[in-house]
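Here are a few short exercises to work through with the model open beside you. Try each task before reading its solution.

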Amino acid sequence: MAEQKVKLLGFWVSPFVYRVIWALKLKGIDYEYIEEDIFNKSPLLLQLNPIHKKVPVLIHGDRVICESYVIVQYIDETWPHCPLLPQHPYERAMARFWADFAETKLLIIIAIALCARGEVQERAVKQAMEAVEKIEGVVKGEKLFGGESIGYLDICLGWMSYWLPGWEEVGGMQIIDPIKFPATSSWMNTFLHHPVIGDNLPARDAMIEYFQKRSKDISESDWFEGIIRLHLQP
């Protein structure tokens, strides 16, 4: 089964897609990449992911797997060499816990900070830094979350190493203070300079330009206020 053809539907600037790219590259798995226009979704994407209608989507033979966390775990279990998840059940559980924490308590808050301004942005930055403080405690004393080699949690939080500094620039904010969060800053640098990671990133200037426009569009949308009320603390 592992030798069946692999295809990946993605979007050039999505950090969720890059999670899958990194996992495939770290495992040395050949795959065909299919670029999607997420603003004009193809019939193929809608057919393969009719529930969420978004990338990434992994096609492995006749199997279709959606959602980046699920895909990375599928890759790790299907190609068990160079394991990404820890071997011990407790450590695996903790890796999944912190991956979910970063997604639900940090990433969405940073997205709000990126698109908001004024008092709302200040609140979002403060809340994001509180979440980073928790992550700082996890990575303190470690080279990588995975120890000496890149693991599942490194891949899941990898957006912090490259996308987050870009978002800070676009939003005119600072969340990762190297003095306040030295362990996190060191991990970001170590992760980013791994050859597999460094060779598989979107062009920075194009990424900045994309998020400048995208953040403006989101801030002017009808649903952004609802996102703020749902996720941002008073």
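**Exercise 1.** Is K5 buried or exposed? Then find its salt-bridge partner and place both residues along the chain.

*Solution.* This is a predicted model, so start with the computed accessibility. K5 has a relative accessible area of 57%. The cut-off for exposed is over 50%, so K5 is exposed. Next, look for the partner: the side chain of K5 meets that of E32 in a salt bridge, at 3.6 Å from N to O. Now place the two: E32 belongs to strand β2 (residues 32-35), while K5 sits in the segment before β1 (6-10). The two residues are 27 apart, and the pair links distant parts of the chain. Finally, check E32, which is partly exposed at 32% relative accessible area.

**Exercise 2.** Which parts of the chain does the salt bridge between K54 and E67 tie together?

*Solution.* Begin with the distance: the closest N and O atoms of K54 and E67 are 4.0 Å apart. Then locate each end. K54 is in the loop between α2 (43-48) and β3 (57-60), and E67 is in the loop between β4 (63-66) and α3, so the bridge ties together parts 13 residues apart in sequence. As for accessibility, K54 is partly exposed at 40%, and E67 is partly exposed at 29%.

**Exercise 3.** How many salt bridges does the structure hold? Describe the one made by D62 and R63.

*Solution.* First recall the principle: side chains of opposite charge can pair when their charged atoms come close. The structure holds 10 salt bridges. In one of them, the side chains of D62 and R63 meet at 3.7 Å, N to O. D62 is exposed, with 66% relative accessible area, whereas R63 is partly exposed at 37%.

**Exercise 4.** Where does T78 lie, and which residue's backbone oxygen lies 2.8 Å from a polar atom of its side chain?

*Solution.* T78 is in helix α3, which covers residues 68-78. The backbone oxygen in question belongs to Y74. To classify T78, compare its 14% relative accessibility with the cut-off for buried, under 20%: T78 counts as buried.

**Exercise 5.** Which residues make the nonpolar surface patch of about 320 Å²?

*Solution.* The patch is made by Y90, M94 and F97. Take F97 as a test case: it lies in helix α4 (residues 89-115). Patch members need over 30% relative accessible area, and F97, partly exposed, has 46%.

Conventions. Residues are numbered from 1 along each chain as its sequence is written. This is a predicted model: local features need pLDDT of at least 70, side-chain atom pairs count only at pLDDT 80 or more; totals for chains, interfaces and linings use all residues. Side-chain values use heavy atoms; hydrogens and water are left out. Patches are made of residues with over 30% relative accessible area and no salt bridge: like charges are joined within 9 Å, nonpolar side chains (Val, Leu, Ile, Met, Phe, Trp, Tyr) within 5 Å. Accessible areas come from the Shrake-Rupley method with a 1.4 Å probe; for residues, only the protein chains shown count as cover. Helices (H or I, at least four residues) and strands (E, at least two) are DSSP runs, numbered from the N terminus. Buried means under 20% relative accessible area, exposed over 50%, partly exposed in between (1.4 Å probe, protein chains only). A polar contact is a pair of N or O atoms within 3.5 Å; within protein, one must be able to donate a hydrogen and the other to accept it, and residues adjacent in sequence count only if both atoms are side-chain atoms.
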